[in-house]
Amino acid sequence: MNILEAFASEQIKSEVPAFNIGDTVRVHNRIKEGARERIFVTTDKAKGTLKEFSTEAGYETFVVPDNVGGRFSVLTAVGLLPIAVAGIDVDMLMKGASDAAKLYNASSDITENDCMKYVAIRNALYRGGKSMEILVSYEPYAAMFNEWWKQLYGESEGKDGKGIFPASVIFSTDLHSLGQIIQDGQRNLFETVVHVKNAPVKFEIPFDEANVDGLNFLAGVDLNEVNLKAMQGTILAHVDGNAPNILIEVEDKSEYSLGQLIYFFELACGVSGYVLGVNPFNQPGVEAYKKNMFALLGKPGYEAEKQALEERLK
């Protein structure tokens, strides 16, 4: 029995009227029993609509820290709850972050501290006219990590007319779409490459009797080796094209290494913001579009703004 059948037989009660082809039918499903045991909520400690709703329903809640911005909240209950539900070892994730904290706070000497070295290099490049940083990975599984990184740096540094614009790519796929502009376009960018040294899976390239694509010289080679050579060749080409590269090496794909990397980027982001001369922990700019949306959607209290904005849109 699959999960939908289980819900249908044990927990879901719905009323489906008779209908003909072409009719629109709305079906309401409700889990009536066991919700309190299944639903967990991350919300404010004491206030807010979700907090009130959760308390009323009897759901267990985890606190969103008041003094931690969303982009920095990966290692709080906000991030750890869904990470744990996904079956990831949060203890090892936190151990990695904890060990990174000890390592990167032990010395501010950039010759001994890779995190502070990253801060120094990216700010030196920015002052030299490199106003865009591209986070590069050669593994598709890093795509969502890259999305988090973009918010972390974009929302933390982009203010007061300053900031390094954060972008991201997955190579070698994005080399086909963006390789040309990175190689030969405006020289205002640099790349930060995250390389996982020890891949968890190996795949040996097979021998093709017909050698249709002329690639039999790669037969027996691990696909990870091909990926590595693609990275090395690309770094050399982009550096030759005046796109400086920073290489960050991660030991493996484990929770421990991920925790280290998350802490590395969060600490570097905070320090880098102060080096840049901005407050990395606020985001005043994001309120502007929200106020405009509320006004245009007719939220009570925004009547004057609504009229003014609609005049501008005519």
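In the predicted model, a salt bridge joins the side chains of Glu-133 and Arg-122, with an N to O distance of 2.6 Å. This contact links distant parts of the chain, since Glu-133 belongs to strand E3 and Arg-122 to helix H6 (residues 114–127), 11 residues apart. Both Glu-133 and Arg-122 are buried; for Arg-122 the relative accessible area is 0%. Arg-122 also meets the side chain of Glu-157 in a salt bridge of 2.7 Å, N to O. Glu-157 lies in helix H7 and Arg-122 in helix H6, so this second pair ties together parts that are 35 residues apart in sequence. Glu-157, at 0% relative accessibility, is likewise counted as buried.

Across the whole structure, the search for salt bridges returns 13. One of these lies between the side chains of Lys-306 and Glu-310, at 2.9 Å from N to O. These two residues are four residues apart in helix H12 (residues 303–313), a separation of about one helical turn. Lys-306 is partly exposed at 25% relative accessibility, and Glu-310 is partly exposed at 34%. Arg-122, Glu-133 and Glu-157, by contrast, are joined into one network by salt bridges that share partners.

Strand E3 (residues 132–137), which carries Glu-133, is largely enclosed by the rest of the structure, because five of its six residues are buried. E3 pairs in the parallel sense with strand E4 (residues 165–170) over six bridges, and Leu-135 stands opposite Ser-168 of E4. E3 also runs parallel to strand E5 (residues 189–198), to which six bridges join it; here Met-132 stands opposite Leu-189. Together with helix H7 (residues 143–157), strands E3 and E4 make a right-handed β-α-β unit. A further right-handed β-α-β unit is made by strand E1, helix H3 (residues 49–57) and strand E2. Strands E1 (residues 40–43) and E2 (residues 60–63) are paired in the parallel sense over four bridges, with Phe-40 opposite Glu-60 of E2.

Aromatic contacts were also examined, and the count of aromatic pairs comes to 15. In one of them, the ring centres of Trp-149 and Tyr-153 are 5.2 Å apart and the planes lie at 35 degrees, so the pair is classed as tilted. Both residues lie in helix H7, four residues apart, or about one turn of the helix. Trp-149 counts as buried at 0% relative accessibility, and Tyr-153 counts as buried at 0%. The two residues belong to one aromatic cluster that is formed by Tyr-104, Tyr-118, Phe-145, Trp-148, Trp-149, Tyr-153, Phe-264 and Phe-265.

Lysine side chains are also placed over aromatic rings. The charged end of Lys-253 sits over the ring of Tyr-141, at 4.1 Å from the ring centre. Lys-299 lies over the face of Phe-294, 4.1 Å from the centre of that ring.

Cysteine residues were considered last. The search of the whole structure finds zero disulfides. Cys-115 is buried, with a relative accessible area of 0%, and Cys-269 is buried, with a value of 0%.

Terms used:
Residues numbered from 1 in each chain as written. Predicted model: local features only at pLDDT ≥ 70, side-chain atom pairs only at ≥ 80, totals over all residues. Heavy atoms only, no water. Disulfide = S-S within 2.5 Å. Buried < 20%, exposed > 50% of the residue type's maximum accessible area, 1.4 Å probe, protein only. Pairing = 2+ DSSP bridges. Right-handed = clockwise from strand over helix to strand, strands pointing away. Phe/Tyr/Trp six-rings, centres within 6.5 Å; stacked < 30°, edge-to-face > 60°. Lys NZ or Arg CZ within 6 Å of the ring centre and 35° of its normal. Salt bridge = Lys/Arg side-chain N within 4 Å of Asp/Glu carboxyl O.
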